[in-house]
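This report describes strand pairing, burial, salt bridges and backbone conformation in one protein model. The terms used are given with their cut-offs.

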Amino acid sequence: MNKVEVFRALHRNRLPDDPLVLPGPWDAISARVCEEAGFPALATPSAGIAAALGHRDGSTPADEMFAAVARISAAVDIPVSADVEGGYGLAPKELVERLLEAGAVGCNLEDSRQGVLKDPREHAEWLAEVRYAAGAQLFVNARVDTFSYGDGDPERAIERAALYVAAGADCVYPIGAPAGVLPLLRSGIQGPVNVFGRLDGEGPSPTELGELGATRVTFGPGLQRRMARQLRESADRLQG
């Protein structure tokens, strides 16, 4: 199997207590560390890469983001999925071409713009164009932002997810969904569900998220922010 086939296979037949856990590297060395730790695939966080490049979240130029993804992909032998935010205004065909050139086998695409939800039907049409341009070469993770920028109604999230799955999304990502609504989302969504996990011990563990309905767990910029805090602690100790 090639990398995208391996990545797709990793999402199939997951046991409830064994979701696919995808850490979020932000550069080549963090990607290598995650690979050496035994993870089967990676998912880059746009916010983590933005911080590493000196940008605010959501303001990274497209060229810099794709270049960062390319360095990460080239540094490891395992599949890499890339968070490319809302697609940077690129036409679907160009977006797909740039992802493939960067070595990505998957992508995360948001359904909001500058904190405002997009029209779900228009977004679904755009996702369908991405799907058509990509064929089977990319695993498309469609983010559902109703819990971040909408009213938090699980039924609205399920409705948006259904449109995106019908448009060809391989997975949906109701980011920010409270743990208590995950069983409802799981029952109403066809196909894999990506859930946001926390590294601070404040939320459910990946295993617990799997039991609640997660097919896979990602962490956004959590790993990068934790490493930044540890670096600060080390730097403080150097001051004596």
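Buried means under 20% relative accessible area, exposed means over 50%, and partly exposed lies in between, computed with a 1.4 Å probe and protein chains only. The structure is a predicted model, in which local features need pLDDT of at least 70, side-chain atom pairs count only at pLDDT 80 or more, and totals for chains, interfaces and linings use all residues. Residues are numbered from 1 along each chain as its sequence is written, and side-chain values use heavy atoms, with hydrogens and water left out.

## Backbone conformation in two loops

Asparagine 13 is not a glycine, yet has a positive phi of about 55 degrees. This residue is located in the loop between α1 (3-11) and β1 (20-22); helices (H or I, at least four residues) and strands (E, at least two) are DSSP runs, numbered from the N terminus. With a relative accessible area of 77%, asparagine 13 is exposed.

Glutamate 85, also a residue other than glycine, has a positive phi near 55 degrees. Its place is in the loop between β3 and α5 (92-101). Is glutamate 85 buried or exposed? Its relative accessible area is 7%, and therefore glutamate 85 counts as buried.

## Strand pairing and burial

Two strands pair if DSSP finds at least two bridges between them. Strand β2 (residues 42-44) pairs with β3 in the parallel sense over three bridges, and within this pairing alanine 43 stands opposite serine 81 in β3. On its connection to strand β4 (residues 106-109), β3 again pairs in the parallel sense, over three bridges. Here aspartate 83 has asparagine 108 in β4 as its bridge partner.

Strand β4 and β7 run parallel and are joined by four bridges. The bridge partner of leucine 109 is alanine 142 in β7. In turn, β7 pairs with strand β8 (residues 171-174) in the parallel sense over four bridges, and arginine 143 has tyrosine 173 in β8 as its bridge partner.

In a regular strand the side chains alternate between the two faces of the sheet. For strand β3 (residues 80-83), both faces are covered: Val80 and Ala82 are buried on one side, and Ser81 and Asp83 are buried on the other. Strand β7 (residues 139-144) is mostly covered, with six of its six residues buried. On one side of β7 the buried residues are Phe139, Asn141 and Arg143, while Val140, Ala142 and Val144 are buried on the other.

## Salt bridges

How many salt bridges does the structure hold? There are twelve, where a salt bridge is a side-chain nitrogen of Lys or Arg within 4 Å of a carboxyl oxygen of Asp or Glu. Three of these contacts are listed below with their N to O distances.

| Positive residue | Negative residue | N to O distance |
|---|---|---|
| Arginine 156 | Aspartate 153 | 3.0 Å |
| Arginine 156 | Glutamate 159 | 2.5 Å |
| Arginine 198 | Aspartate 200 | 2.5 Å |

Arginine 156 is partly exposed, with a relative accessible area of 34%. Of its partners, aspartate 153 is partly exposed at 23% relative accessibility, and glutamate 159 is partly exposed with a relative accessible area of 43%. Glutamate 159 and arginine 156 are three residues apart in helix α8 (residues 154-166), so about one helical turn separates them.

In the contact between arginine 198 and aspartate 200, arginine 198 is partly exposed at 43% relative accessible area. Aspartate 200 is also partly exposed, at 41% relative accessibility. In addition, a network of salt bridges links Arg8, Arg131 and Asp170.

## A negative surface patch

Asp119, Glu122, Glu125 and Glu129 form a negative surface patch. Patches are made of residues with over 30% relative accessible area and no salt bridge, with like charges joined within 9 Å and nonpolar side chains (Val, Leu, Ile, Met, Phe, Trp, Tyr) within 5 Å. Lys and Arg count as positive and Asp and Glu as negative, while His and the chain ends are not counted. The place of a charge is taken as NZ of Lys, CZ of Arg, CG of Asp or CD of Glu. Accessible areas come from the Shrake-Rupley method with a 1.4 Å probe, and for residues only the protein chains shown count as cover.

Within this patch, glutamate 129 is found in helix α6 (residues 120-134). Glutamate 129 counts as partly exposed because its relative accessibility is 45%.
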